[in-house]
Amino acid sequence: MKTWKKTGVVLLFVIVIFSIWFYPKYKMLNHTIHLFDEDKIVNNFRSFDSVWPVAVMEASTNKYIYPKNVPITLPESFKFNGSSYESLKFLKDSWTTGFLVIQNDSIVFEDYYLGNTESTRNISWSMAKSFISALMGIAIEEGHIKNINQNVEEYVPELMGSAYEGVRIKDVLQMSTGVKFNEDYGDFYSDINRWGRGFAMGNSQDAFAGTLEREVEPGTINHYVSINTHVLGMILTKATGSTITDYMSEKLTDPLGMEYNGYWLIDGENMEMALGGLNLTLRDYAKIGSLFLNNGLMNGKQIIQEEWVQASVIPDGAHVQPGSQFGYGYQWWIPKSDVGEFMALGVYNQNIYINPETNTVIVKLSANPKYNDPSYVPSSNYAALELYRAITNQFN
């Protein structure tokens, strides 16, 4: 009996230790596998901090509250590819959770759906990339990074021998690294989903970046590779000696007057998911739009140099010009336009739209389970762009 009791105690001990180590990883992996399920996606997008390890950014010590002006009514409909779509139905059919229109730095439309509220932190997905770009501009201004024509390995020597060796920081900013990568979220075996499953298990994103191979000459083709933004995050942390969370807290969160605590998802090495793991409220996302609309000026302070803002949103090479598709700046999307529009875009229909001519910022947060269906018009960022243009037409 004593032997059996000892064996039972040892077995129980092993089970407890295994559960403590494995269960959190299982929970994150299971969350990832079912992340976009129609019956779970809305809640998943607003509750990552209940499942994932996160790094928190405290709300600003001097909160900026957007003033409210005379509210507008959204246009009844808008045109896209020759067809008419009802505006409110489009928002509903794309599973919008928050929609905000800021005109002349004042809120003129704000509404929340599917259980979200003004205090709900929602995942940014790739809108986070535009925040990382802003931090890069600040790091350059402060002298932590000399210039964007330096090669990646000058700051991140562990990427020597990878696809990123010999790649300029500018090419990383412009998604022109020449790295071979499949970004198809609808393909279970794609590189982005392979990365996602590894992230869910706590694997190092730095190590993943080092496994990628080169496909074409850097600086020649605009090819969207989310891990490029992780490499920018690696450069930031090496150059500043700070985590992305701490650097953003000091340089953006506090001076922009963020109203609510925000957070970054982090991997098993405590590195932020720079490519899309930012979680903020609807209004706090708008503040990066207002910052860039106002050429880096916010709350009476020049937070980012005007030169960086302008360079970020004006494609300066043949390979990043807008044509039938969006063009690309420094982690900002550039529609073909005569009025200087630019956007931060995240999968599943997260949008920040800026129109300098009409002085408008529009933010849309969504949890669209049909996002990967190219035939479903409410999933189209191009259709959403036409809605935003219809809204701004009211201000001309």
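User: What is the expected span of a helix, and how does α8 compare with that span?

Analyst: The expected span is 1.5 Å times one less than the number of residues in the helix. In this predicted model, α8 has 15 residues, and 21 Å is expected. From its first C-alpha to its last, α8 reaches 22 Å, which is close to that value.

User: How do you know that α10 is close to its expected span?

Analyst: Helix α10 covers residues 282-293, and 16 Å is expected for its 12 residues at 1.5 Å a residue. The distance from the first C-alpha to the last is 17 Å, close to the expected figure.

User: Why is I145 called buried?

Analyst: A residue counts as buried when its relative accessible area is under 20%. I145 has a relative accessible area of 0%, so I145 is buried. The residue sits in the loop between α4 and α5. Leaving out residues up to four places away in sequence, I145 touches M136, A139, I140, Q150, Y155, I169, I235 and A239. The C-alpha atoms of I145 and V339 are separated by 32 Å, and the two residues are 194 apart along the chain.

User: Why does S162 count as buried?

Analyst: The relative accessibility of S162 is 10%, so S162 counts as buried under the 20% cut-off. S162 is placed in the loop between α4 and α5. Not counting residues up to four places away in sequence, S162 touches A209, G210 and L212.

User: What makes α10 largely enclosed by the rest of the structure?

Analyst: In α10, 12 of the 12 residues are buried, so the helix is largely enclosed by the rest of the structure. Among the buried residues are R283, D284 and K287, along with L282, Y285 and F292. Just after α10 comes N295, with a positive phi of about 55°.

User: What makes α8 and α6 "mostly covered"?

Analyst: For α8, 13 of its 15 residues are buried. For α6, which covers residues 191-200, 8 of its 10 residues are buried. Those in α6 include D191, N193, W195 and F199. Each helix is also followed by a glycine with a positive phi: G241 after α8, near 70°, and G202 just after α6, at about 85°.

User: Why are α4 and α9 called roughly perpendicular?

Analyst: Angles from 65 to 115 degrees count as roughly perpendicular. The axes of α4 (residues 128-141) and α9 (residues 244-253) cross at roughly 75° and come within 11 Å. The two helices are therefore roughly perpendicular to each other.

User: Which residues make the contact of α4 with α9, and how do they divide by class?

Analyst: From α4, F131, I132, A134, L135, I138 and A139 meet I244, Y247, M248, K251 and L252 of α9. The contact has 10 nonpolar, no polar and 1 charged residues. Lysine is in the charged class, and K251 is one of the residues in this contact.

User: How do you know that α4 and α8 are roughly parallel or oblique?

Analyst: Angles under 35 degrees count as roughly parallel. The axes of α4 and α8 (residues 226-240) cross at roughly 30° and come within 10 Å, so the pair counts as roughly parallel. The crossing is left-handed.

User: Which residues of α4 and α8 meet, and what are their classes?

Analyst: K129, I132, L135, M136 and A139 in α4 meet S226, T229, L232, I235, L236 and T240 in α8. These residues divide into 7 nonpolar, 3 polar and 1 charged.

Notes:
Residues numbered from 1 in each chain as written. Predicted model: local features only at pLDDT ≥ 70, side-chain atom pairs only at ≥ 80, totals over all residues. Heavy atoms only, no water. Helix = DSSP H or I, 4+ residues; strand = E, 2+ residues; numbered from the N terminus. Buried < 20%, exposed > 50% of the residue type's maximum accessible area, 1.4 Å probe, protein only. Axes fitted to C-alpha atoms, helices over the stretch in contact; angles between N-to-C directions. Parallel < 35°, antiparallel > 145°, perpendicular 65-115°, else oblique. Contact = heavy atoms within 4.5 Å. Left-handed = near helix turned anticlockwise from the far one by under 90°.
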